There are 2 protein chains.
Amino acid sequence: MPEQPAGSRPTLEAVAARAGVSRATASRVVNGGAGVRQPLADKVREAVEELGYVPNQAARSLVTRQSGAVAVIIAEPEFRVFSDPFFEQQVRGISRELTANDSQLVLLWVEGPGDHDRIARYLGGGHVDGALAFSLHHDDGLPALIRDSRVPAVFGGRPGSGSGSGAAVPYVDCDNRGGARSAVRHLAGLGRERIAHIAGPRDQTSAADRADGYRDVLFDADPALTVQGGFTVDSGARAMAELLDRRPDLDAVFAANDLMAAGALRVLRERGRRVPEDVALVGFDDVAGVAEAADPPLTTVRQDIEGMGRLMVRLLMRVLSGRDGREAGAPASVIMPTELVRRASA
Amino acid sequence: MPEQPAGSRPTLEAVAARAGVSRATASRVVNGGAGVRQPLADKVREAVEELGYVPNQAARSLVTRQSGAVAVIIAEPEFRVFSDPFFEQQVRGISRELTANDSQLVLLWVEGPGDHDRIARYLGGGHVDGALAFSLHHDDGLPALIRDSRVPAVFGGRPGSGSGSGAAVPYVDCDNRGGARSAVRHLAGLGRERIAHIAGPRDQTSAADRADGYRDVLFDADPALTVQGGFTVDSGARAMAELLDRRPDLDAVFAANDLMAAGALRVLRERGRRVPEDVALVGFDDVAGVAEAADPPLTTVRQDIEGMGRLMVRLLMRVLSGRDGREAGAPASVIMPTELVRRASA
């Protein structure tokens, strides 16, 4: 293989020149077209080999509009992306299903609104066939940006209101509200009378739905029994400390995710409260490496996180096949069931 | 905005038709070209706005060969990508520097050789301006694949032999061998006489260089004092258990990274060995959330992980600007210094 200056790629012109054919002929061979005599086609293929020519997918995608890649966009900053096992599990499901479809996963995240223009340009640029986005927030502009980009997309979790117009984007979610109700009913069934709630970020529908589920069961609960966290371990610890200061008599906690429950567990231990004897604790997600590994292991509301990731890909593939005119309309959104998993904490 | 079928994008033809101009005129306006009378240009811009037309970057990149995106490829499976804080720190440095350059980071990883063809197609497809790859392994084919793709690239860590021909790819590494020597000399200086080594994967140059540094100082060490791990916490624990079985008299351990040192610490505690009194322990990396957080805090060899990530981007930007003919040749590789950080473990 001849030396190439760093970073330069051989052009189709170079291939044509080396093969002694016209650019049009070289192009027909490279693009698998018929109508080129075998000896000429062989010369072009030899030149392709010798020069290490790589057909420009950008050119090809003008015709096929296919890049073979799917963007996975996590609407959280990098430190959350790499520290929250929920994202890892969701991405694992997505990754396996994309691999099964021979699509390349490219992962993006969002440090803040300053990233939006750049992400919009990227999505609008024809470099991905579709996008999967999750951990969306109300009013963060990302759902609208994705809709406006007109890239076929599926959301993980129901987007909030104010998330833009444009084509309907299907989503995959779990039954957050029903799951929360089952958690709180379980605590009430244990005879607990002062059940607190550590809620997730108000601007995410999953957190809002879980708080609604709590209120469905305990519609007359003291508002002081609810404190908001940020879906992280430390925010759960802070929320637990505040709850104990406000209502030292509390006897149960429903945390809106397992990471916050793990933080609550730490504070309960530090303050000398036994779990579940003094305070019963239920989480949400049954996230790998957290719920079952906690001491005591967490009773929690399980959702099939990896399965939801796989399902997002399957819906996206249906959207993409619909673009060929074989199917009409966008697929419907899917709400998956949850299941209360009883362990030692409640 | 008029309704669009899901996933379909308005074409330049549609813009031209709506503006009542030729496709060529619409194209000139969209691509910022001059030579179009103001009233016509305004009509085209209005049509672009009304139809929500997004210029096809794939078409544009035929001319500019720029996508505005850079691929970051971690040559490890997803479970390592999301659990090793080294990767997070490296990616954080890369992410910040790419943002400063208004480039979109897209993250890829490699579950196994079965992913190579797909990644090669993606890299060859013109969807990224460059690639940064790290945690490369000998003989895994990825360095060769990246070189052969002719996408401008920078490696994190020196690639091994057998990593392909083609254009020279600069790399950023730390002084692994010198850092290892400083760790082992420190242990010897404490009067330790049976210093073991938990080595990293044999097929990574960082691990091989650190093992060489250990042998530079202890050229006559008992081979039984070296056990290989996999740069993970659990592999460090397994290696420590094996070392204690082989040589119960050992009085110091140099682990080739902090995660393995953390695993070793767990086993030493379980076996009733005090650190540092009975066994002195030194790690490598000074990775966030591990070395300083360990109990006792780890003495370790610090490398500037985030800074190396930033430097990889700066080198890539020089490669990319060199393609414009403003600079000749690829930038030289950079070896960054390391520093022994003394804490309680040795």
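Two strands count as paired if DSSP finds at least two bridges between them, and with that in mind the tour of this predicted model can begin at one such pair in chain A.

Select strand S6 (residues 195-199) of chain A together with S7(A), and you will see that the two pair in the parallel sense over 3 bridges. Within this pair, A:Ala199 stands opposite A:Gln228 of S7(A).

Next, widen the selection to the sheet to which these strands belong, an open sheet of 6 strands in chain A whose order is S7-S6-S8-S9-S10-S12 and whose pairing is mixed. Strand S7 (226-228) and strand S12 (339-341) of chain A are at the edges, and because each has a single partner strand, one side of each is left without a neighbour in the sheet. If you look from one strand to the next, the twist averages 20°.

Now add helix H12 (residues 258-270) of chain A, which packs on the sheet and touches S6, strand S8 (252-255), strand S9 (280-285) and strand S10 (299-302) of chain A, its direction making about 155° with that of S9(A).

Move to chain B and select helix H2 (residues 23-30), where the buried residues are B:Thr25, B:Ala26, B:Val29 and B:Val30. Viewed down the axis of H2(B), these buried residues fall within an arc of 130°, so they line one face of the helix.

Finally, turn to the second largest pocket, which holds about 660 Å³ of space. Its lining comprises 23 residues, and those nearest its centre are A:Phe82, A:Ser83, B:Phe82, B:Ser83 and B:Asp84. Helix H6 (85-100) of chain A, helix H5 (78-81) of chain B and helix H6 (85-100) of chain B each supply at least two residues of this lining.

Methods. Residues numbered from 1 in each chain as written. Chains lettered and ligands numbered in written order. Predicted model: local features only at pLDDT ≥ 70, side-chain atom pairs only at ≥ 80, totals over all residues. Heavy atoms only, no water. Helix = DSSP H or I, 4+ residues; strand = E, 2+ residues; numbered from the N terminus. Axes fitted to C-alpha atoms, helices over the stretch in contact; angles between N-to-C directions. Contact = heavy atoms within 4.5 Å. Buried < 20%, exposed > 50% of the residue type's maximum accessible area, 1.4 Å probe, protein only. Arc of directions from axis to C-beta. 1 Å grid on protein atoms, 1.4 Å probe; cavity = no way out; pocket = protein on both sides within 12 Å on 5 of 7 lines; lining within 4 Å. Points joined across faces, edges and corners; volume = space filled by probe spheres on them.
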